Amino acid sequence: MFKYLILIPVIWLAGCHINHKTDHVNQQTLPVFPQGEKITNDNFTGTVYLQMLMEADSLNPTSIGNVSFEPGARTRWHEHPAGQILLVTDGVGYYQEKGKSKLILRKGDVIKCPPNVLHWHGASKDTKFVQLAVTNTQNGVPVWMEPVTDQEYNN
């Protein structure tokens, strides 16, 4: 019986080898969340992907989506009746509220979109842009308006 007690720790230790160097490199190059599926509706210009992480429901009227914009891609002008929060996880993008200057967004930036404020967001001209969109739907779903023109996008 004593012989088996000694072998158990040896077997357990053999299965616990971790290559920290490889794991560290992989964490830096892999996205946090999957890219998702290509969006095929007309609420966007360019190529955009969506991976829903949490759907709004009767217990929690908040949805979270991982949205990946290819360079130059963007939303239409739109507003959220209960607001939205954008958490930038990768790339360089833009955010603009109607009548205000366009903001440049980078990884780590957080934007609070006020309720019922017309705005758009998307990737810069030459860099992809990835955001987590946290959207409260308790007062209704987003209201989509006209596309952002090339002139609006470029200014």
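1. A residue is called buried here when its relative accessible area is under 20%. By that criterion, both Tyr94 and Tyr153 are buried in this model, which is a predicted one.

2. Taken overall, the protein holds 3 helices and 12 strands, and 33% of its 155 residues count as buried. Residues 24 or more positions apart supply 67% of the contacts that have a separation of 6 or more, while carbon and sulfur atoms account for 58% of an accessible surface of about 9,900 Å².

3. The aromatic pairs number 6. In one of them, the ring centres of Phe44 and Trp144 are 5.7 Å apart and the planes stand at 55°, so this pair is tilted. Because Phe44 belongs to strand E2 (residues 44-45) and Trp144 to strand E12 (residues 143-144), the pair ties together parts of the chain that are 100 residues apart in sequence.

4. The two partners can also be described by their exposure: Phe44 has a relative accessible area of 17% and is buried, whereas Trp144, with 30%, is partly exposed.

5. Tyr94 and Tyr153 make an edge-to-face aromatic pair, with 5.5 Å from centre to centre and 65° between the planes. This pair, too, links distant parts of the chain, since Tyr94 is in strand E7 (residues 84-97) and Tyr153 in helix H3 (residues 150-154), 59 residues apart.

6. Lys102 should be considered together with these tyrosines: its charged end sits over the ring of Tyr94, 3.9 Å from the ring centre, and Lys102 also lies over the face of Tyr153, at 5.6 Å from the centre of that ring.

7. Finally, Phe44 and Trp144 belong to one aromatic cluster that they form with Phe69 and Phe129.

Conventions:
Residues numbered from 1 in each chain as written. Predicted model: local features only at pLDDT ≥ 70, side-chain atom pairs only at ≥ 80, totals over all residues. Heavy atoms only, no water. Helix = DSSP H or I, 4+ residues; strand = E, 2+ residues; numbered from the N terminus. Buried < 20%, exposed > 50% of the residue type's maximum accessible area, 1.4 Å probe, protein only. Contact = heavy atoms within 4.5 Å. Areas by Shrake-Rupley, 256 points an atom, 1.4 Å probe, with all protein chains shown as cover. Phe/Tyr/Trp six-rings, centres within 6.5 Å; stacked < 30°, edge-to-face > 60°. Lys NZ or Arg CZ within 6 Å of the ring centre and 35° of its normal.
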